[in-house]
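Colleague: I'd like a close look at one part of this chain, the strand that holds a valine in the middle of things. Could you walk me through that strand, and then place it in the rest of the chain?

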Amino acid sequence: YPSQAVLQNSLTVLIAGAYLLIVGVLAKIVTHFGGNTAFATQAFLVLVALVVLAILLQSDRARLQLRQFVSRNFRRSPYDYRAVWKTFISGTASRVDTADLARALARLTAETCQALSVTIWVADDRRETLKPMASTAQLLPAAAAGAVGRTIECSPLSGYFLQHPEPIDIDKSKEAWAIILRDLHPSQFANGGSRICVPMVGRGELLGVLVVGDRVGGVGYSVDDLDMLKCIGDHAVAGLLTVQLSKKLVEAKELEAFQAMAAFFVHDLKNSASTLNLMLKNLPVHFDDPEFRADALRGIAKTVTHINRLIGRLGQLRGELKLEPVASNLNELVDGVLAGLERSSGFRLTKELSPVPTVPIDCDQMQKVVTNLVLNAAEAVGADGEVRVATHTESGRVVLSVSDNGCGMTAEFLAHSLFRPFQTTKKNGLGIGMFQSKMIAEAHGGRIAVESELGKGTTFRLFLPVISVPR
């Protein structure tokens, strides 16, 4: 890989030598065939054309394009692009927030280019203004017209970079937006250390710009550096588009969950309101009847209890689950839950509780899991069914199994809906119980497994580690 200077000088010598050779050969040919009085003029014109071409090649744009061509095709780059790409991918792949992504990009760019000042400007949703999202340096208030506080009008930069999507040295530019950026990014070095503005253009829009300056030692930015910055800008565009898409996807999922929750919530409230409304209509007619008043009070109390329970179960979906585990015997907890259910159950309940070691559990939270599993089984079997509850030890884990001979569930529901919120096969259910149970089990370092066959029954197994799993 010869150096860039050697290649450029060699090209110059080659052009000059080719010109002299061609002129010499043509002169010999003309002389051989009797001469041509216009040949000297023609040779002079060719020389003038070459001089004009050489003058044109002295322009900054032409020289930059020539250096880029030589660097990309004849020289080994000082950057290991594969290593840089891997570093940027690992450093930005998990960023799902624009500000978080911008901070990662600023830090990685500063490390890659050895620059002290790197600032990421991101356009708003309407592409009207640019605002600084992350910076490794302290920005100054804008002194130039066109900047309000620390935001910049997007249209001037967009108009320029959509036509010239290449990094530009804003210290040499006379554009108004470049002056604003220079005012916002004061150089820390008296000499050297040019400030480069890298556009982030994607889908025909300017998504933002990356301003790099104050390079260590005041070293300027070579063609290789500009090429690397262009690649970083392209990577930043991909990251910004991914974050925007992820944000829209999350919003869509939140809206879907809200709609599902609202549908269940409104349905139950509508039924409760209908019950209360019926009581109010009958109240003036039967108010003097003591039995009616007593029945109305019971109905109102039942409806209020149902509404409070509904609100409480919906509230369980919010916030982080906090556990207070203590060494407990799962059999004792199961006995306590079943004792309360047996008195009001209309199904056959079978217990097979084998001796098990103590496990670190939050008894209040685990009681919810056991209650939910048993109640689900009871609702699946009806009055004539059977529910079997058993405990045993398996591979260093305590296992609670709850089996029933009820209606069972389809394979599709098991695979895609069982543990999702607001998914249920019960007429009056909310679809929150199994979601909550799975969340509590996993918070304890355990898991819930299920086997079911339509029309034959279901078995849930709760696996809990004997030794606490670090969280």
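Modeller: Here's a tour that begins with one strand and its neighbours, then moves on to a sheet and its helices, and ends at the surface.

Keep in mind that this is a predicted model. The chain has 13 helices and 14 strands, and of its 471 residues, 35% count as buried. Contacts between residues 24 or more positions apart make up 68% of those with a separation of 6 or more.

The strand you're after is β7, residues 205-215, and Val211 sits in it. β7 is mostly covered, with 10 of its 11 residues buried. Val211 fits that pattern: its relative accessibility is 2%, so it counts as buried. What does Val211 touch, leaving out residues up to four places away in sequence? The list is Ser117, Val118, Thr119, Trp121, Ile170, Leu181, His185, Ile196 and Cys197. Another residue to look at is Val198, 13 residues from Val211 along the chain, with 6.2 Å between the two C-alpha atoms.

Some of those names make sense once you see the strands that pair with β7. One partner is β1, residues 115-123, which runs antiparallel to β7 and is joined to it by seven bridges. Ala115 stands opposite Arg215 in that pairing. β6, residues 196-202, also runs antiparallel to β7, again with seven bridges. There, Gly202 has Glu205 of β7 as its bridge partner. β6 and β7 form a hairpin with two residues between them, and Arg203 in the turn has a positive phi of about 55°. As for what holds such partners together, strands of a sheet pair through backbone hydrogen bonds, either parallel or antiparallel.

Now for a sheet elsewhere in the chain. Five strands form an open sheet with mixed pairing, in the order β9-β11-β12-β14-β13. At the edges are β9 (348-353) and β13 (447-453); each has a single partner strand, so one side of each has no neighbour in the sheet. Averaged over the sheet and ignoring direction, neighbouring strands are turned by 15° against each other. Within it, β12 (residues 397-404) and β14 (residues 457-465) run antiparallel and are joined by eight bridges. Leu400 is the residue standing opposite Leu462 in β14.

Two helices belong in this picture. Helix α13, residues 433-443, packs on the sheet and touches β13 and β14, its direction making about 140° with that of β13. Helix α11, residues 363-381, lies across β11 (386-394), β12 and β14, and runs at about 25° to β12. Back in α13, the buried residues are Gly433, Met434, Gln436, Ser437, Ile440, Ala441 and Ala443. Just after α13 comes Gly445, which takes a positive phi of about 80°.

Last, the outside. The chain exposes about 27500 Å², with carbon and sulfur atoms supplying 58% of that area. One spot worth finding on your screen is a nonpolar surface patch of about 610 Å², made by Leu21, Ile22, Val25, Leu26, Ile29 and Phe33. Leu21 lies in helix α1, residues 4-32. The spacing of the names is easier to read with helix geometry in mind: an α-helix has 3.6 residues a turn, so residues three or four places apart point the same way. Is Leu21 buried or exposed? Leu21 is exposed, at a relative accessible area of 58%, whereas Val211 back in the strand is buried at 2%.

Definitions and conventions:
Residues numbered from 1 in each chain as written. Predicted model: local features only at pLDDT ≥ 70, side-chain atom pairs only at ≥ 80, totals over all residues. Heavy atoms only, no water. Helix = DSSP H or I, 4+ residues; strand = E, 2+ residues; numbered from the N terminus. Buried < 20%, exposed > 50% of the residue type's maximum accessible area, 1.4 Å probe, protein only. Contact = heavy atoms within 4.5 Å. Areas by Shrake-Rupley, 256 points an atom, 1.4 Å probe, with all protein chains shown as cover. Pairing = 2+ DSSP bridges. Axes fitted to C-alpha atoms, helices over the stretch in contact; angles between N-to-C directions. Patch = residues over 30% accessible without salt bridge, like charges linked within 9 Å, V, L, I, M, F, W, Y side chains within 5 Å. Salt bridge = Lys/Arg side-chain N within 4 Å of Asp/Glu carboxyl O.
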